Amino acid sequence: MEKWKVYMDIYQLKQQGFKIRRIARKLGISRTTVYKYLEKSPEEMGEWMASTQTRRKKLDPYEMLIQTWLSEHPDLSASQIHDWLLESYTDLKVGESTVRLYVNELREKYNIPKTEAMRDYQALQDPPMGQQAQVDFGHTVQKTADGKEVKLTCITFVLSHSRYKFVKWLDRPFTTKDVIDYHEQAFHAFGGIPYEIVYDQDALIVVSENAGDLILTEAFQAYREERKLAMYVCRKADPESKGKVENVVKFVKRNFAKNRIFSTLDRWHEQSDAWLERTGNGKVHNTTKKRPVEVFALEKQHLRPVITKLMFSRVASSVTRTVRKDNTILYQSNRYSIPLGTYRQNKIVYIQTTDDDHLVIREQQEGSVIANHKISHERGTLIQDTQHTRDRTKGVPAYMATVAEKFEDKEKAMTFLEALHKNYPRYIRDQLQLMSKALKEIEPAIGDEALHMCIRQGIESATEFGDVVQYIKRQRQVDHAALEHTKEPIKPLGGRETSVDDTKPQTRDVSDYLALLEGASV
């Protein structure tokens, strides 16, 4: 009967002038299904329905097995059953959607409802006026006038007592600077700052959470200290802890954004602000049975006052990312390249997004730019700058000559590099890259000393050359420290102290010896 109902609904909507796309969207089915049903007359539909009821299904031989699994484990999902079938019958070829439909039929046939672990909820009193606000993000895809799609992201604030809302949008991914900026706009719109703000564990705000110990992004930590914000961060996979703002996000998406045509961001904000005034904050709330705007008129008197306007120059505007072993960073589910050799264990870089949709990467927060990429709005893509890869346009001899130029004795350096080429023919570019990296931040004299030591010791490896460089650097630091802290002059080996030359023996007057000979006592 369900298929008959869908069939009749399709024909009714078609007769009313709806297009195929609109029919599919309204009924929640694919356009292919709409076309398939429209091709059938009522008689053909009846014959097809009868054939489906008598037709043997692919999973019928496994009915009792699946029914047993469901009886023993009512909480089993169709995807688990699909995996168990493939594990038990390696030759079985069946799609997960087929298994899902069959499992649903068996649950209905044998009356085996799916059991789920239920969480007990307890109603709580609303916090006092001005005490709490909740913050969350939402995403929606809107159509433009020419039929294209635009992905929008919103940040929503709601005062927990009055349910008064504040919403702002972007047509690009948010940065921490954007989040801070919209916090300031929200506080000025509210006329004050709540005494506590509830957040989700969003990467723009929280880096990690360990048993209640929060590590915030550097920029947001600076902002929190500047505004003295009291934060409560929900546990992972626990959206109910901030249910008020979760409901606001759904309300904004379903009541304001759904089926609305997007033109420009400024126009979208005008429409959003008008909707908040008219509906979001103007209509009676289903739970409180009051208009949020009327309750807010009282609540804003209890907020912590915004005394001064925050100077954003005092708040860091960049966020950090950890460098991966392949010399890339992750941003918005994509990988962006950075120069080879940047990676070290626990190495972080600083990223910023620009108004023209570029991702800027720096090693230091105020340092020089090491990478600049156009932001991709795809997922799982590698965005790579050709300058961040090995220079394969330059031949190995030319590469060796470039490295040899960094030594004073270029002839000995070339001899050493040729030995590397002989020992590591397949990895000579990696060896030369390691040599360049080892020489990058040292005095030329250290490089030459390391080269001579390697030749004397018979060392023919770029990795060991780097170790020798580090050894010489440490040795020089030790020698310099010892020289600085020496207080006594250095004594010559095999010699005598100069102070001996200034030593004079004690002398007596000759009359003392004469008196002694005569028997006197001295």
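Here are four short exercises on the structure above, each with a worked solution.

This is a predicted model, where local features need pLDDT of at least 70 and side-chain atom pairs count only at pLDDT 80 or more, while totals for chains, interfaces and linings use all residues. Residues are numbered from 1 along each chain as its sequence is written, and side-chain values use heavy atoms, with hydrogens and water left out.

**Exercise 1. Strand 3**

Work out how strand 3 pairs with strand 2, and whether its residues are buried or exposed.

*Solution.* Start with the vocabulary: strands (E, at least two residues) and helices (H or I, at least four) are DSSP runs, numbered from the N terminus. Two strands pair if DSSP finds at least two bridges between them. Here, six bridges join strand 2 to strand 3, and the two run antiparallel. One pair to look up is F157, whose bridge partner in strand 3 is F166.

Next comes burial. Buried means under 20% relative accessible area, exposed means over 50%, and partly exposed is in between (1.4 Å probe, protein chains only). In strand 3, six of its six residues are buried. K165, V167 and W169 cover one side, with F166, K168 and L170 on the other, and both faces are covered.

**Exercise 2. Two unusual backbone angles**

Look at R163 and N327: where does each one sit?

*Solution.* First, the background: most residues other than glycine have a negative phi. R163 goes the other way, with a positive phi of about 65°. Now find its place: strand 2 and strand 3 form a hairpin with five residues between them, and R163 is in that turn. R163 counts as buried because its relative accessibility is 8%.

N327 has a positive phi too, about 55°, and isn't a glycine either. Look for N327 in the loop between strand 9 (319-322) and strand 10 (328-331). With 9% relative accessibility, N327 is therefore buried.

**Exercise 3. Salt bridges**

Take D273 and K168, then K347 and E363, and say which parts of the chain each pair links.

*Solution.* A salt bridge is a side-chain nitrogen of Lys or Arg within 4 Å of a carboxyl oxygen of Asp or Glu. The structure holds 12 of them. In the D273 and K168 bridge, the closest N and O atoms are 3.8 Å apart. D273 lies in helix 11 (residues 265-280) and K168 in strand 3, so this pair ties together parts that are 105 residues apart in sequence. D273 is partly exposed at 34%, whereas K168 is buried at 13%.

For K347 and E363, the closest N and O atoms are 2.7 Å apart. K347 is in the loop between strand 11 and strand 12, and E363 is in the loop between strand 13 (358-362) and strand 14 (369-374), 16 residues away. K347 is buried at 8%, but E363 is partly exposed at 30%. There's also a network: salt bridges that share partners join R324, D326 and R335.

**Exercise 4. A charged patch**

Find which helices give two or more residues to the positive surface patch.

*Solution.* Patches are made of residues with over 30% relative accessible area and no salt bridge, with like charges joined within 9 Å. This patch is formed by R21, R22, R25, K26, R31, K250, K253, R254 and K258. Helix 2 (20-27) and helix 10 (243-257) are the elements that give two or more residues. Helix 2 supplies the largest share, four residues. R21 sits in helix 2 and is partly exposed, with a relative accessible area of 45%.

Key. Patch = residues over 30% accessible without salt bridge, like charges linked within 9 Å, V, L, I, M, F, W, Y side chains within 5 Å. Areas by Shrake-Rupley, 256 points an atom, 1.4 Å probe, with all protein chains shown as cover. Lys, Arg positive; Asp, Glu negative; His and termini not counted. Charge placed at Lys NZ, Arg CZ, Asp CG, Glu CD.
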